[in-house]
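These notebook entries record what I looked up in one protein structure. I began with the overall figures and then turned to single elements and residues.

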Amino acid sequence: GGVPFRQSTRSRRTTLPHDVCRVPASEPYRPPLPRSQMLRRAMALALTLAAAAMWAPPRTSHACSSAAGRVPHVTGGHSKRRLVGVVGPACHSSGSTSASKSTTRGPIACRRPDATGAPMAAAAAAGDLRSEYLEVLLSRRRERQVPMAVEQGSPVKEPLYQGNGPLGLREAMESCPRKEVDNFQEKLVEENFYLMTESGEQGRLPVLLLKLNDTAPERKPVVVILHSSYKCKEWLRPLLEAYASRGYIAVAIDSRYHGERASSKTTYIEALNSAWRNGDTMPFIFDTVWDLIKLGDYLSAREDVDPSRIGITGESLGGMHAWFAAFVDTRYSVVVPIIGVQGFQWAIDNDKWQARVDSIKPLFEEARIDSGKSEIDAEVVKKVWDKIAPGMASQFDAPYSVPLIAPRPLLLLNGC
């Protein structure tokens with residue numbers, strides 16, 4: 001689960017208000033809820049907040065938008081469709097020195113001029129941090145820009161889960177009630193396809209999309225739902241159906257080295273260990289964030305999608321994916337990370353890193369051995385984060401990246 005984030009004592013950047021997580025002294029102690037009950041409540045809250053995805057942000061004359069190219073729907077066979085010109089040109093504020101140096105394209109580094117200097121400076125700083133993060137993502141791509149293609153897929157009958165431990169209760173997934181729709185299963189449209197987000201085996205992004213068959217030519221809101229560690233997109237099907245029953249286009253993907261992107265139950269851990277040894281990939285969070293940027297390209301260009309109403313949520317690892325994707329890509333207009341937001345540097349400074357480390361402990365055991373340590377400590381943890389996710393425990397940490405999601409609707413759900 002997530003660990004509350006706090007401002008590092010060495011930090012000098014602007015952070016969230018100090019009373020964000022403050023509990024009144026008079027508040028009586030309440031024992032923590034069982035995990036299954038907490039997850040059921042979290043899913044119900046996330047579904048409730050999804051109504052905010054119907055909110056359409058005001059359009060301004062300086063709004064960034066993707067190119068007008070349309071994405072053909074994948075209707076059958078195994079043909080590949082190429083998407084050309086999906087990511088539009090950069091939109092920068094006038095007169096900004098740093099803006100003229102930026103090579104970021106599309107809505108990711110969008111900056112809008114403001115009436116006063118302070119808001120303009122803040123907007124420019126936000127754009128700079130997004131551009132800096134995007135450069136980190138691009139630094140591990142074999143090719144910086146690969147034309148995205150869409151390839152027909154098929155339903156997964158036997159999903160592959162990572163690890164050998166228990167997956168958890170399905171109750172949490174199935175507790176999100178569907179809206180009563182006559183002949184729901186007959187009206188449900190399922191699309192299985194792959195997006196080519198970059199070259200190489202892991203650049204083939206499996207996507208599961210559910211929606212109701214609706215002949216009305218209406219653009220619909222989208223909810224992207226992201227799975228936790230060791231699971232896959234099929235685990236989320238009850239949630240996808242619940243959103244689809246309410247008129248949303250519901251989308252799930254397999255994160256890197258999970259589901260259809262894995263060849264065995266140890267693929268994810270092996271990829272993490274390889275990243276520690278070689279430093280050539282970022283399987284923990286960052287590589288999947290790149291996929292979510294490309295997914296934003298695809299969804300924004302679909303004729304049945306309202307590109308101003310794309311929400312994103314996820315649990316645990318999926319919550320972190322949602323957090324960083326929304327930070328870097330402003331097309332995600334409603335954001336609900338579930339037990340996914342934490343302060344990585346704060347955890348190191350305050351000896352609260354154990355829960356996150358234990359979720360992928362074989363990686364840290366290998367780093368401990370390589371560092372000549374008898375046990376995993378804060379130094380080992382810092383080395384691992386800096387190697388496999390550069391900047392995650394420093395300039396891109398929660399106190400700096402989470403505030404940049406504003407003014408978009410944001411709900412953080414963390415357990416005790």
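**Entry 1: overall figures.** I take a residue as buried when its relative accessible area is under 20%. The model is predicted, and on that cut-off 52% of its 416 residues count as buried. I looked up the secondary structure and found 14 helices and eight strands. For the exposed surface I noted about 18800 Å², of which carbon and sulfur atoms supply 53%. I then checked the contacts with a separation of 6 or more: residues 24 or more positions apart account for 75% of them.

**Entry 2: strand β5.** I selected residues 220–226, which form β5, and found seven of the seven residues buried. Which strands pair with β5? One is β7, residues 305–315, in the parallel sense over six bridges. Another is β6, residues 249–253, also in the parallel sense, over four bridges. I looked up individual bridge partners as well. Valine 223 has glycine 311 of β7 as its partner, and valine 224 has valine 251 of β6. Finally, I recorded that β5, helix α6 (residues 237–245) and β6 make a β-α-β unit, and that this unit is right-handed.

**Entry 3: the nonpolar cores.** The largest nonpolar core has 51 residues, and I listed those that touch the most other members: Phe284, Ile285, Phe286, Phe324, Trp385 and Ile388. The elements that give two or more residues to this core include α3 (117–139), α7 (267–278), α9 (317–328) and α13 (378–388). Which element gives the most to this core? It is α3, with seven residues. I then followed phenylalanine 324 and set aside its neighbours within four places in sequence; its contacts are Tyr133, Ile285, Phe286, Val289, Met392, Phe396 and Ser401. Apart from the largest core lies another, of 26 residues, and among them are Val251, Leu295, Val335 and Ile405.

**Entry 4: helix α7.** I computed the span of α7 from its first C-alpha to its last: its 12 residues reach 16 Å, close to the 16 Å expected at 1.5 Å a residue. The buried residues of α7 include Tyr268, Ile269, Leu272 and Trp276. I found that the buried residues of α7 pack against α9, α12 and α13. Glycine 279 follows the helix, and its phi is positive, near 65 degrees.

**Entry 5: backbone exceptions.** Most residues other than glycine have a negative phi, and most peptide bonds are trans. I therefore looked for departures from this pattern. Isoleucine 285, in the loop between α7 and α8, has a positive phi near 80 degrees. Is isoleucine 285 buried or exposed? I entered isoleucine 285 as buried because its relative accessibility is 0%. Serine 316, in the loop between β7 and α9, has a positive phi of about 60 degrees. At 9% relative accessibility, serine 316 counts as buried too. I also found a cis peptide bond between alanine 406 and proline 407, with omega about 5 degrees. Proline 407 is in the segment after α14.

**Entry 6: tryptophan 346.** I located tryptophan 346 in helix α10. Its relative accessibility is 15%, so I counted tryptophan 346 as buried. Its C-alpha atom is separated by 8.4 Å from that of alanine 393, although the two residues are 47 apart along the chain.

Terms used: Residues numbered from 1 in each chain as written. Predicted model: local features only at pLDDT ≥ 70, side-chain atom pairs only at ≥ 80, totals over all residues. Heavy atoms only, no water. Buried < 20%, exposed > 50% of the residue type's maximum accessible area, 1.4 Å probe, protein only. Pairing = 2+ DSSP bridges. Right-handed = clockwise from strand over helix to strand, strands pointing away. Core = buried A, V, L, I, M, F, W, Y, C linked by side-chain atoms within 4.5 Å. Contact = heavy atoms within 4.5 Å. Expected span 1.5 Å × (residues − 1). Areas by Shrake-Rupley, 256 points an atom, 1.4 Å probe, with all protein chains shown as cover.
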